[in-house]
Amino acid sequence: MHELGLCEGIVEAVERRAAGRRVTGVRVRVGARHRVVEASLDQAFEMVAAGTVADGAEVDLVVVPVTLTCRDCGHQAESLEPLGACPSCGGTDLEMDGGDELILESIALAVAEGGEPHVPRDSR
């Protein structure tokens, strides 16, 4: 389950950005080449975040497709399945571009006393 390793890095980044403030949500942009299983990511994040500022935070996963170019017929398509075949000719000699991203896109912080949310300085 490689999602565990990914979540360790995500939680480290979340803790740096949150600077001790409680986190209620995290949005992560992950490329299709990582082949992340959402349920596994949720479970791994819950385990890794336990006892941190992100304990109990929801994870919003955004999967970025890979662009496939068929070397046989030249057809180009986006896919969430990087190990596929050309939808035009069925060829398997594919060039892949993108889909290898791993980005902590945003974090949501708990609302502070007085009703104002905490916003990290670098997120404004």
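User: How much area does the chain expose, and what share of it do carbon and sulfur atoms supply?

Analyst: The model is predicted, so the values here are computed from predicted coordinates. The chain exposes about 7300 Å². Carbon and sulfur atoms supply 46% of that area.

User: What percentage of the residues count as buried?

Analyst: A residue counts as buried when its relative accessible area is under 20%. By that cut-off, 35% of the 124 residues of the chain are buried.

User: How many helices and strands does the chain have, and which pattern do they follow along the sequence?

Analyst: There are 2 helices and 6 strands. Read along the sequence, the pattern is α-β-α-β-β-β-β-β. Helix 1 covers residues 3–18, and strand 1 covers 23–31. Helix 2 covers 38–49. Strand 2 covers residues 58–64, strand 3 covers 66–70, strand 4 covers 76–79 and strand 5 covers 94–97. Strand 6 covers residues 102–109.

User: Contacts can join residues that stand far apart in sequence. What share do so here, among contacts between residues at least 6 apart?

Analyst: Of those contacts, 69% join residues at least 24 apart in sequence.

User: Next, the sheet. In what order do its strands lie, and is the pairing parallel or antiparallel?

Analyst: The order of strands in a sheet is read across it, and it need not follow the numbering. Here 3 strands form an open sheet in the order 4-3-5, with antiparallel pairing. Strand 4 and strand 5 each have a single partner strand and stand at the edges, so each has one side without a neighbour in the sheet. On average, neighbouring strands of this sheet are turned by 30° against each other, direction ignored.

User: Over how many bridges do strand 3 and strand 4 pair?

Analyst: Strand 3 and strand 4 pair over 4 bridges, in the antiparallel sense. For a single case, look at Leu 68: its bridge partner in strand 4 is Ala 77.

User: Where is Ser 88 found, and which residues does Ser 88 touch?

Analyst: Ser 88 is in the loop between strand 4 and strand 5. Leaving out residues up to four places away in sequence, Ser 88 touches Cys 73 and His 75. Ser 88 and His 75 are 13 residues apart along the chain, and their C-alpha atoms are separated by 6.6 Å.

User: How many salt bridges are there in the whole structure?

Analyst: To find one, look for a side-chain nitrogen of Lys or Arg within 4 Å of a carboxyl oxygen of Asp or Glu. A search of the whole structure finds 5 salt bridges. One of them joins Arg 27 and Asp 60, with the closest N and O atoms 2.9 Å apart. That pair links distant parts of the chain, with Arg 27 in strand 1 and Asp 60 in strand 2, 33 residues apart.

User: What is the N to O distance between Arg 27 and Glu 105?

Analyst: Arg 27 and Glu 105 meet in a salt bridge at 3.5 Å, N to O. Glu 105 is in strand 6, 78 residues from Arg 27. Arg 27, Arg 29, Asp 60 and Glu 105 are linked in a network of salt bridges. As for exposure, Arg 27 is partly exposed at 32% relative accessibility, Glu 105 is partly exposed at 32%, and Asp 60 is partly exposed at 34%.

User: Which residue meets Arg 71 in a salt bridge?

Analyst: Arg 71 meets Asp 93, at 3.1 Å from N to O. Arg 71 lies in the loop between strand 3 and strand 4, Asp 93 in the loop between strand 4 and strand 5, and the two are 22 residues apart. Asp 93 is partly exposed, with a relative accessible area of 35%.

User: Last, the backbone angle phi. What sign does phi have in most residues other than glycine?

Analyst: In most residues other than glycine, phi is negative. Ala 19 is not a glycine, yet its phi is positive, near 50°. Ala 19 is in the loop between helix 1 and strand 1 and is exposed, with a relative accessible area of 57%. Arg 35 also has a positive phi, of about 50°. Arg 35 lies in the loop between strand 1 and helix 2 and is partly exposed at 43%.

Conventions
Residues numbered from 1 in each chain as written. Predicted model: local features only at pLDDT ≥ 70, side-chain atom pairs only at ≥ 80, totals over all residues. Heavy atoms only, no water. Buried < 20%, exposed > 50% of the residue type's maximum accessible area, 1.4 Å probe, protein only. Contact = heavy atoms within 4.5 Å. Areas by Shrake-Rupley, 256 points an atom, 1.4 Å probe, with all protein chains shown as cover. Pairing = 2+ DSSP bridges. Axes fitted to C-alpha atoms, helices over the stretch in contact; angles between N-to-C directions.
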